[in-house]
Amino acid sequence: MRTLLRRFAIYLFTAWTTITVNFILPRLMPGDPIQQLIGKLQGRVTPEMIKAIKAQFGQGLNQSMWTQYVHYINQLLHGDLGISITLSSPVSDVLSSQIWWTVGLIGVGAVVSFFIGTALGVLFGWTRGSRADAVIPAATFLQSVPYYFLGTILIMIFAATLHWFPLMGAYDPSLSPEWSWTYIASVLRYGELPLTSIVLSSLAGWMLGMRNMMVTTMSEDFVLMAVAKGLSRRRVMWHAARNAVLPSVANLALTIGLLVSGSLLVEQIFNYPGVGNLLVNAVGNEDYPLLQGIFLLITFTVLGANFLADALYYVLDPRTRTAAVH
Amino acid sequence: MKALRIPRSPKVIVGLVILSVFIVLTVIGPWIAPYDPNANTFIPNLTPSWEHWFGTTTLGQDVLSQLLVGCRVTMVVGFIAGLVATLISIAVGLAAGYIGGRTDEGLSLLANVFLAIPGLPLLIVINSYLPAGSQANPLVVGLVIALTGWAWGARVLRAQTMSLRDRDFVEASRIIGEKRWRIMWSEIGPNLLPIIAASLLFTILYAVGVYSTLAFLGLTNVSTWNWGTMMYWAQSNNAALANEWWWLAPPGVAIALVGTSLALINFGIDEFINPRLRAAGLTARQRRRVGLTRRPRLGFTPVLRQSPTDAKKVS
C-alpha cells in the first residue's frame, strides 16, 4: 500500500506543479502576452469581459503575487476556470460539454490498441527467428509515422476517394444529439475511421515492446520447465505471456500522456469535437483562459489515468507489494 | 572501448544508411533544391514529372524544393533538442543515481513530474505565451522541446547508475580517493554509453516528431519551411479531399523514414544491452549453414560457430 500512496503523493505534487506553472507562465513570460491580448481585444469584446480577463490574470489590480495565487487556487477549488474569450461562456461549461467525445474516442482507442498490440506481440515473440520477423521493420515504420499523417492518408484513401467512411465530424449533421438508436449508430459509424487511425498508429509500439519482453521471458527457466513438463504449446505460451506483460502494464502509465498528445491531433484532422479541437482553436484565437483550462483538464485526466495504471500494476505484480517492506 | 562495437545486423546498417542520407540532405538540401520553395509561379496541382519530381502544390509551388529546404530546419531542431535533453538527463540521472539520498529524492521527483505532465499540451501552452519573434525561432522552440523531453532518459540513466554505483571497480576508485565528479565521469560514464546513445536516439525521434506536430498545427512560423509546415499548408488547402497524394506524402514519409532509421539503430543498441534479443537474429540461411534443421525454440540460445570441416571448405 505504501508504494501506491507514494505514487499518489507524486501525482498530487505534479497536479500542484501544473497549477502553479499555469499561474506563473502568463505573468512572467517575456513580452507580457496578457497585456498584448487585452490591447488586441479593446473594442472587440464588452468592457465587462476585459475586466474579467484582467481580474483572472491579475492585471492592474495592484495585488501581490501571493494574494493573486491564493485567489487563483481558491477559484480552481470551486471549479471556476474563468470565461472563454471567443465562446463567451465559462470554460468549465465548455469543457464539460466536450470532454466526453475525447474520453470516448481516446479511451476506446487506447484499450483496443493495447489488447490487439499485446496479443500480436505475444505471437511474434513466440515465432521469433521465423519469417514472421519481417513484420518488425514494417511495425517500426508504422510507429514512426506521425498520427496526423496517417489520419490524413486514411481520409484521402477511404473517405475522399473510396467513400467507405464519412469524411469528418462525429455524427450525421442532420441529426440532433439525443438518446436514439439512429443517433448512436451514426456516432459509431463516424467514429470508425478516427478510431482506426488511433489504433493503427499506437498498435506498433505495444507490439514491439511485448515482443521484446516475450523473447526475453522465453529464455527463463520456468518456461523451459513448463515445456519439460510436457504442457501444450498454448499453455506454455500463456505462461510466458502472463509474465512478459508486466512491463507493458508498467509502461501503460508512461504512454498515456503520449497517446493523449497524439490523439489531440486526430480530432483536429477529422474535425471531431472534443478537447483537442478546442485546444488548437484556443491557441489560434489566443483564448488564454480556455487554453489554460484545457491544459489543466488534460493533465489531471492523464494523472488520473496514470494512477489507475499504477494501481493495476500493483494488483498484478506481487513483487511491487513486497518491495515496500524494506 | 571494444564495448562500443555495434552489432552488424542488417537492421542497424539499413538504419545508418537512411540516417546518413538525411544528414547529407540536411547539409546540402537548400543548395540542391531546384527552385525557390516560396516561388508560386508554376502551374498548380501538377502530378510528379521530370520538371517537378514531387509535383506542385495548389499554390503553384514545387514540392521537392520545399522538402529539401525544410529538411535542414526539421533535422537541426531535432538534433539540438535531442542533444540538450540528453545532456540534462545525463546530469540529472548521474547525480540522482550516484549521490543518492536527498539529491536523489528531489531530482527523481522532478523527473516524475515532467514524465507525468503530457508533453505536447505543455509545449503548446508554453509556445503560445512566447513572443511572436521567439515562436518563429527554431532554436527557441528546440530548447523548449528539450525542456519537456529529458525526463525519460534521466530515469533510465539513474537506474543504471544505481546498479553500477556499488560495483567493485567503482568502490576501488572511491577507496583510492578519487574525486566524486571523476568517478562519475570516467568510471560510471563510459558504462552508461549504450544507454545514453539509446536515449539520445529516442529523444531526437521525439523532438523531430513534436516539432513537426507544432508546425503542422500552425503554432510555429508557417512561412519557415519544415516538414510540419508543408503538412500544415497541405491540410489547410484540403489536399486530402482533392486526393493530392504527391503533396501530402513526401513530408510524412520523410518524417517516418527518419524515425524508422533512428529506431532501427536503436534495435542494434537494444540487442547489445540485452543479449537474449540477439539470438533472434539467426536467419534461415545461417541455420542451414550450421545444419540446424529446426528453428531453435524455448530455452536454447543458439551459439554459432563454424565446425572445423566447414572452415576447411571455405578455405
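**Exercise 1.** In this predicted model, determine the handedness with which helix 5 of chain A passes helix 8 of chain A, and describe their packing.

*Solution.* Step one: the crossing of helix 5 of chain A with helix 8 of chain A is right-handed. Step two: the contact between these two helices comprises 24 nonpolar, eight polar and one charged residues. Step three: helix 5 spans residues 91–126 and helix 8 spans residues 181–218 of chain A. Their packing angle is about 35°, and the axes lie 4 Å apart.

**Exercise 2.** State how chain A is divided into domains, and give the separation and contact of these domains.

*Solution.* Step one: chain A consists of domain 1 (2–77) and domain 2 (98–316). Step two: the C-alpha centres of the two domains are 33 Å apart. Step three: 19 residues from domain 1 of chain A and 14 residues from domain 2 of chain A form the contact.

**Exercise 3.** Identify the residues that touch the most other members of the largest nonpolar core, and trace the contributions to this core.

*Solution.* Step one: the core holds 131 residues, and the most other members are touched by A:Leu291, A:Ile294, B:Phe22, B:Ile124, B:Ile145 and B:Trp227. Step two: helix 2 (residues 63–99) of chain B gives the most to this core, namely 14 residues. Step three: domain 1 (2–77) and domain 2 (98–316) of chain A each supply at least three residues. Step four: leaving aside residues up to four places away in sequence, B:Ile124 touches A:Leu279, A:Val283 and A:Leu291, together with B:Leu214, B:Leu217 and B:Leu219. Step five: a second, separate core has 13 residues, among them A:Ala226, A:Val236, A:Ala240 and A:Ala241.

Key:
Residues numbered from 1 in each chain as written. Chains lettered and ligands numbered in written order. Predicted model: local features only at pLDDT ≥ 70, side-chain atom pairs only at ≥ 80, totals over all residues. Heavy atoms only, no water. Axes fitted to C-alpha atoms, helices over the stretch in contact; angles between N-to-C directions. Helix = DSSP H or I, 4+ residues; strand = E, 2+ residues; numbered from the N terminus. Left-handed = near helix turned anticlockwise from the far one by under 90°. Nonpolar A, V, L, I, M, F, W, Y, C, P; charged D, E, K, R; others polar. Core = buried A, V, L, I, M, F, W, Y, C linked by side-chain atoms within 4.5 Å. Buried < 20%, exposed > 50% of the residue type's maximum accessible area, 1.4 Å probe, protein only. Domains from an automatic or database assignment. Contact = heavy atoms within 4.5 Å.
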